[in-house]
Amino acid sequence: MSGPLAGLRIVEIAGLGPTPFAAMTLADMGAEVVRIERPGTRHIFGLDYEVLDRGRGFVTLDLKSADDRAVARRLIARADGLIEGLRPGVMERLGLGPGDFPENPRLVYGRMTGWGQAGPLARTAGHDINYIALTGALHAIGTADRPVPPLNLLGDFGGGGIYLAFGMVCAFLEAARSGRGQIVDAAITDGVAHLTAMIRTLVAGAAWEDRRGANLLDGGAPYYDTYRCKCGGFVALGAIEEKFWRTFLGLAGLDPAALPDRRDPAAWPVLRDILAARFLTRTRDDWAALAAGTDACLTPVLTLAEAPGHAHNAARCTFVDHEGVAEPAPAPRLSRTPGAIGAGSQTDPLDPAEVLARWGG
């Protein structure tokens with residue numbers, strides 16, 4: 001393994017969404033991650049290949065079996081970190097809780113949940129949509145008529161998995177100084193709330209209306225929105241600053257003096273109609289070509305299939321072909337110890353005895 005986390009050993013209790021995403025992120029950066037899967041486990045979508053499971057191998061253990069739990073315990077006792085996303089109390093009942101490894105005082109115990117390890121909802125079920133709803137974030141996203149879930153990117157991955165990975169790296173750094181591990185309680189509700197810091201600033205400054213489609217960043221402002229083009233595709237316009245707005249108007253052939261004052265929200269509906277009519281005069285790709293290389297902040301809205309082939313993404317290798325699948329490359333990029341997709345196999349299980357031998361057990 002290469003990367004800034006090379007040398008770290010992490011055990012992952014197989015889970016869904018944010019848990020494997022955190023493990024993938026750490027593995028991309030060089031950590032050796034071994035996933036524990038239940039016998040007969042299949043991916044939630046029934047696919048043979050799961051991008052979130054890349055770069056690491058797995059062992060098959062039934063944690064309801066005393067013998068298999070003993071093997072899991074030996075692995076965790078020799079690891080630097082553990083990732084688990086079970087409901088609060090489950091790992092403790094299995095005898096694999098954070099207090100069950102006194103022989104491994106440096107263990108960083110990463111816990112991923114929606115609601116957190118404590119609180120009135122801690123032991124109840126939920127999904128991304130429920131967690132972001134409780135933070136206020138979902139209320140601010142969507143159309144004027146109703147909130148619309150932003151896939152599961154905001155909760156599971158933005159407020160969940162990446163916060164768990166960040167918290168564990170923080171704990172690894174601290175353990176290197178103190179010799180002591182700690183519990184990382186990563187709750188999606190906490191992470192999403194943290195992501196709303198800037199919006200909370202606007203709310204506190206009375207610069208945000210608590211309704212959708214009425215603000216600068218929620219599709220309310222006509223200069224920060226998407227528009228349908230002649231071909232049926234869409235473009236994204238983000239000309240917030242005046243100089244970028246002027247650049248856009250120039251390439252769009254619109255006279256600033258003939259437009260309503262964009263600083264006045266009361267004028268936004270009229271301005272939006274003008275922009276919508278102008279965008280319908282060209283195809284999406286024509287607009288993209290016109291704006292290319294300018295500061296108009298105008299880009300095509302690409303489909304998931306189109307994105308890997310875009311010239312900028314291709315030049316940066318933002319997506320890579322791995323085992324025949326177009327996958328996002330490891331991110332962010334480090335100049336001296338860059339991350340990479342590891343060689344761990346998703347199809348051939350590891351022998352726990354071999355892992356323990358390699359880990360000094």
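**Before the views: what "buried" means.** A residue counts as buried when its relative accessible area is under 20%, as exposed when that area is over 50%, and as partly exposed in between. By that rule E327 is buried, because its relative accessible area is 0%. Please keep in mind that every view below shows a predicted model.

**View 1. A salt bridge joins R54 and E327.** Let us begin with the residue just introduced. The side chains of E327 and R54 meet in a salt bridge, with 2.8 Å from N to O. This pair links distant parts of the chain: R54 sits in the loop between strand 2 (32–37) and strand 3, E327 belongs to strand 11 (residues 325–328), and 273 residues separate the two. Is R54 buried or exposed? R54 counts as buried, because its relative accessibility is 1%. As a reminder of the chemistry, side chains of opposite charge can pair when their charged atoms come close.

**View 2. D53 and R56 belong to a network of salt bridges.** Here D53 forms a salt bridge with R56, and the closest N and O atoms are 3.5 Å apart. Both of these residues are buried. Now follow the partners outward. Which residues are joined into one network by salt bridges that share partners? They are E12, R35, E37, D53 and R56. In total, the structure holds 17 salt bridges.

**View 3. E209 pairs with R211.** This view shows another salt bridge, formed by R211 and E209, whose closest N and O atoms are 2.8 Å apart. E209 counts as partly exposed, because its relative accessibility is 40%.

**View 4. Six strands make a parallel open sheet.** The 6 strands of this sheet follow the order 3-2-1-4-5-6, and their pairing is parallel. Which strands stand at the edges? They are strand 3 (57–60) and strand 6 (183–187), each of which pairs on one side only. From one strand to the next, the twist averages 20 degrees. If strand pairing is new to you, remember that strands of a sheet pair through backbone hydrogen bonds, either parallel or antiparallel.

**View 5. Strand 4 sits between strand 1 and strand 5 in the sheet order.** Strand 1 (residues 9–13) runs parallel to strand 4, and 3 bridges join the two. Across this pairing, E12 stands opposite I83 of strand 4. E12 is also one of the residues in the salt-bridge network of View 2. With strand 5, strand 4 pairs in the parallel sense over 4 bridges, and the bridge partner of L82 there is Y109. Look next at where the residues of strand 4 (residues 81–84) point: G81 and I83 go one way, L82 and E84 go the other way, and all are buried. This fits a general pattern, as in a regular strand the side chains alternate between the two faces of the sheet.

**View 6. Strand 5 meets strand 6, and a loop follows strand 5.** Strand 5 (residues 108–113) and strand 6 run parallel and are joined by 5 bridges. Within this pair, G110 stands opposite V184 of strand 6. L121 lies in the loop between strand 5 and helix 4 (128–135). With a relative accessible area of 33%, L121 is partly exposed. Which residues does L121 contact, leaving aside its neighbours within four places in sequence? They are W115 and L134.

**View 7. Three strands form an antiparallel open sheet.** In this sheet, 3 strands are arranged in the order 7-8-9, with antiparallel pairing. Strand 7 and strand 9 (298–300) stand at the edges with a single partner strand each, so one side of each is left without a neighbour in the sheet. On average, neighbouring strands here are turned by 25 degrees against each other, direction ignored. Strand 8 (residues 234–238) pairs with strand 9 in the antiparallel sense over 3 bridges, and V235 stands opposite P300 of strand 9. Helix 9 (residues 268–279) packs on the sheet and touches strand 7, strand 8 and strand 9, its direction making about 40 degrees with that of strand 7. Helix 10 (residues 284–291) lies across strand 8 and strand 9, and runs at about 140 degrees to strand 9.

**View 8. A nonpolar patch lies on the surface.** M198, L216, L217 and Y224 form this patch, with about 320 Å² of accessible area together. Y224 lies in strand 7 (residues 224–228). With a relative accessible area of 32%, Y224 is partly exposed.

Technical notes. Residues numbered from 1 in each chain as written. Predicted model: local features only at pLDDT ≥ 70, side-chain atom pairs only at ≥ 80, totals over all residues. Heavy atoms only, no water. Pairing = 2+ DSSP bridges. Axes fitted to C-alpha atoms, helices over the stretch in contact; angles between N-to-C directions. Buried < 20%, exposed > 50% of the residue type's maximum accessible area, 1.4 Å probe, protein only. Patch = residues over 30% accessible without salt bridge, like charges linked within 9 Å, V, L, I, M, F, W, Y side chains within 5 Å. Areas by Shrake-Rupley, 256 points an atom, 1.4 Å probe, with all protein chains shown as cover. Salt bridge = Lys/Arg side-chain N within 4 Å of Asp/Glu carboxyl O. Contact = heavy atoms within 4.5 Å.
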